[in-house]
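Thank you all for making the time this morning. I would like to walk through one model with you, slowly enough that nobody needs to have seen it before.

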Amino acid sequence: MRRFALTNNMKLYNMFPWLRPFLKNWRDIMKNVEGNKQDLRSLIAGLKETLNPEMCRCFVDAFLTRRHDLEESEIKDSLYQDDNLLYSVMNLFAAGTDTTGSTLQWCLLLMAKYPHFQDQVQEELSRVVGSRQIRVEDRKNMSFTDAVIHESQRLANIAPLAIPHKTSRDVTFQGFFIKKVSCPYQSTSTHLPL
């Protein structure tokens, strides 16, 4: 699969679409996006072929199973369409790749700065996991490692402006009136020293 992490130019375009004419590598970005779509269509097709509604392996299985159930109940105007599945998976890859990569970078940076935390995480991993591959259920037994990851995310401020959303109607939130089709930006910044 091609690179799913968004380039800085793509992030700028997503926030300010009017900047497109000023982005030098726009064609390369779009070629990469189309390549990613093709790769994901192939991945989804493979999952469709091996779908077992009795055993949900992933998001795509859950989506396809729900769509099948709706089709059997003769619901025609469902949002469970191929394009929605494709773009949902694309968004999961793009968002997950970027935030996971940034979280790992910050965790490594902070553990290098505070080696005693690195030692404690290593000790906990060795004690709980040993030499086998880590499993999701190990998380409940690794409270220190879990706390280090969450604290790294808090300190690193992975997404300082969060994701922009538009209001679909006039709304009053915590005493503030927000007009329909407004796009308020919320800051998730912390101002704590590292």
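**Two helix contacts and their rings**

I begin with H5 and H6, which are oblique to each other, a word used for angles that are neither under 35 degrees (roughly parallel), nor over 145 (roughly antiparallel), nor 65 to 115 (roughly perpendicular). The two helices, H5 and H6, pack at an angle of about 135 degrees, with their axes 8 Å apart; here axes are lines fitted to C-alpha atoms, for helices over the stretch in contact, and angles run from 0 to 180 degrees between N-to-C directions. The crossing of H5 and H6 is left-handed, meaning that the near helix is turned anticlockwise from the far one by less than a right angle, whereas clockwise would make it right-handed. On the H5 side the contact is made by Phe117, Gln120, Val121 and Glu124, and on the H6 side by Ser143, Phe144, Thr145 and Val148, where contact means heavy atoms within 4.5 Å. Sorted by class, the contact of H5 with H6 has 4 nonpolar, 3 polar and 1 charged residues, with Ala, Val, Leu, Ile, Met, Phe, Trp, Tyr, Cys and Pro taken as nonpolar, Asp, Glu, Lys and Arg as charged, and the others, Gly among them, as polar.

Before going further, I should say that this is a predicted model, in which local features need pLDDT of at least 70 and side-chain atom pairs count only at pLDDT 80 or more, while totals for chains, interfaces and linings use all residues. Residues are numbered from 1 along each chain as its sequence is written, and side-chain values use heavy atoms, with hydrogens and water left out.

As for the whole, the protein has 6 helices and 2 strands, which are DSSP runs numbered from the N terminus (helices H or I, at least four residues; strands E, at least two). From the N terminus on, the order of elements is α-α-α-α-α-α-β-β. Of the 194 residues in the protein, 24% are buried, a term that stands for under 20% relative accessible area, with exposed over 50% and partly exposed in between (1.4 Å probe, protein chains only).

Let me turn to the rings. How many aromatic pairs does a search of the whole structure find? The search finds 4, where rings of Phe, Tyr and Trp (its six-membered ring) pair if their centres lie within 6.5 Å, and planes under 30 degrees apart count as stacked, over 60 as edge-to-face and the rest as tilted. One of them joins phenylalanine 59 and phenylalanine 63, a tilted pair at 6.2 Å centre to centre with 50 degrees between the planes. Both of these phenylalanines, 59 and 63, lie in helix H3 (residues 59-72), 4 residues apart, which is about one turn of the helix. Phenylalanine 59 is partly exposed at 38% relative accessible area, while phenylalanine 63, at 8%, counts as buried.

Another tilted pair is formed by phenylalanine 117 and phenylalanine 144, at 6.1 Å centre to centre and 35 degrees between the planes. This pair links distant parts of the chain, since phenylalanine 117 is in helix H5 (residues 115-128) and phenylalanine 144 in helix H6 (residues 143-156), 27 residues apart. Phenylalanine 117 is partly exposed, at 32%, and phenylalanine 144 is partly exposed as well, at 24%.

Ring pairs also link Phe59, Phe63 and Tyr80 into a cluster, which brings me to the second helix contact. The axes of H3 and helix H4 (residues 82-113) come within 11 Å and cross at roughly 160 degrees, and H3 and H4 are therefore roughly antiparallel to each other. Their crossing, that of H3 and H4, is right-handed. The contact is made by Phe59, Val60, Phe63, Leu64 and Arg67 of H3, together with Asp82, Asn84, Leu85, Ser88, Val89 and Leu92 of H4.

I will finish with two threonines. Threonine 65, in helix H3, is buried at 19% relative accessibility, and, not counting residues up to four places away in sequence, threonine 65 touches Leu51 and Pro53. Threonine 103 has its place in helix H4 and is buried at 10% relative accessibility; with residues up to four places away in sequence again left out, threonine 103 touches Ile149, Gln153 and Ile158.
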